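Visitor: Could you take me through one part of this structure at close range? I would like to see how a single helix sits among its neighbours.

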Amino acid sequence: MSANSELSDFQNAVRTALRENWKWFVFQGIVMLVLGCLAVAEPVIASVAVDIYIGWLFMFSGILGLVAMFSARDASAFFWMLLTAALSLAVGIMLIWKPAEGTVSLTMVLTAFFIAEGAFQIAASLSYRDIMPGSWGWLLASGITDFALAGLIICFWPQSASWTLGLIVGVNLITTGLDDRFHETAHMHCSL
């Protein structure tokens with residue numbers, strides 16, 4: 001099987017999946033748009049909400065780690081699992097207990113994430129423009145937006161840390177909701 005044949009099979013599989021599941025992709029895009037608009041409208045509240053959500057994830061991870069450590073057979077694995085579980089639990093409790101302080105550190109982490117996501121979206125948009133000729137530009141715009149937002153956070157650091165987390169999550173949700181999932185599936189539905 002040649003590389004062109006494999007690429008063609010992959011392209012056909014993607015088109016078929018989009019055609020068969022377009023309603024779910026449109027629904028996902030609409031939900032992301034609504035959540036993004038709410039986060040942009042109230043960025044401070046959204047920042048605290050994201051911080052608390054991440055805190056709960058760390059707490060549950062720590063609790064599960066404590067439960068899992070009892071299955072460790074040797075002492076070094078037990079102590080390593082205890083250390084990582086305790087750290088996750090402590091971070092979770094700290095983020096939930098003091099969300100304002102947590103937004104600063106989470107904003108730094110999210111900035112790094114948006115830089116990586118922006119790079120991935122730009123690369124994906126350029127790589128898949130033949131597969132999604134009508135909407136690859138939206139994915140490219142989403143990646144560029146992620147880079148621009150990360151740049152804004154860095155420029156206005158640390159004064160805007162209390163609200164940038166919610167604002168960036170909101171804008172990211174909006175642009176992701178508008179990207180190729182929404183436009184490609186709407187385009188495919190109209191062409192059926």
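Guide: Let's begin where helix H2 (residues 22-41) packs against H7, at an angle of about 155° and with the two axes 7 Å apart. Angles over 145 degrees count as roughly antiparallel, and H2 and H7 are therefore roughly antiparallel to each other. The crossing in which H2 passes H7 is left-handed. This is a predicted model, so please read every position here with that in mind.

Looking at who meets whom, H2 brings Gly29, Met32, Leu33, Leu35, Gly36, Cys37, Ala39 and Val40 to the contact. On the H7 side, the residues they meet are Gly166, Leu167, Gly170, Val171, Leu173, Ile174, Thr176, Gly177 and Leu178.

Now for H7 itself. H7 covers residues 161-178, which makes 18 residues. From first C-alpha to last, H7 reaches 26 Å, close to the 26 Å expected at 1.5 Å a residue. Of its 18 residues, 13 are buried, so H7 is largely enclosed by the rest of the structure.

Helix H6 is another neighbour of H7: their axes come within 9 Å and cross at roughly 170°. H6 and H7 are therefore roughly antiparallel to each other as well. From H6, the residues in this contact are Trp138, Ser142, Thr145, Asp146, Leu149 and Ile153. They meet Thr164, Ile168, Val171, Asn172, Thr175, Thr176 and Leu178 in H7. Val171, Thr176 and Leu178 of H7 are also among the residues that meet H2.

You might like to pause at Ile153. Setting aside neighbours within four places in sequence, Ile153 is in contact with Thr107, Thr111, Thr164 and Ile168.

Ile153 and Ile168 also belong to the largest nonpolar core, a set of 11 residues. The other members are Met32, Leu95, Leu106, Leu110, Phe114, Leu149, Leu165, Val169 and Leu173. Helix H5 (99-127), helix H6 (136-155) and H7 each supply at least two residues of this core. H7 gives the largest share, with 4 residues. Two core members take part in the H2 and H7 contact you saw at the start: Met32 from H2 and Leu173 from H7.

So, to draw the picture together: H7 is largely enclosed, lies roughly antiparallel to H2 and to H6, and provides the largest share of the largest nonpolar core.

Notes:
Residues numbered from 1 in each chain as written. Predicted model: local features only at pLDDT ≥ 70, side-chain atom pairs only at ≥ 80, totals over all residues. Heavy atoms only, no water. Expected span 1.5 Å × (residues − 1). Buried < 20%, exposed > 50% of the residue type's maximum accessible area, 1.4 Å probe, protein only. Core = buried A, V, L, I, M, F, W, Y, C linked by side-chain atoms within 4.5 Å. Contact = heavy atoms within 4.5 Å. Axes fitted to C-alpha atoms, helices over the stretch in contact; angles between N-to-C directions. Parallel < 35°, antiparallel > 145°, perpendicular 65-115°, else oblique. Left-handed = near helix turned anticlockwise from the far one by under 90°.
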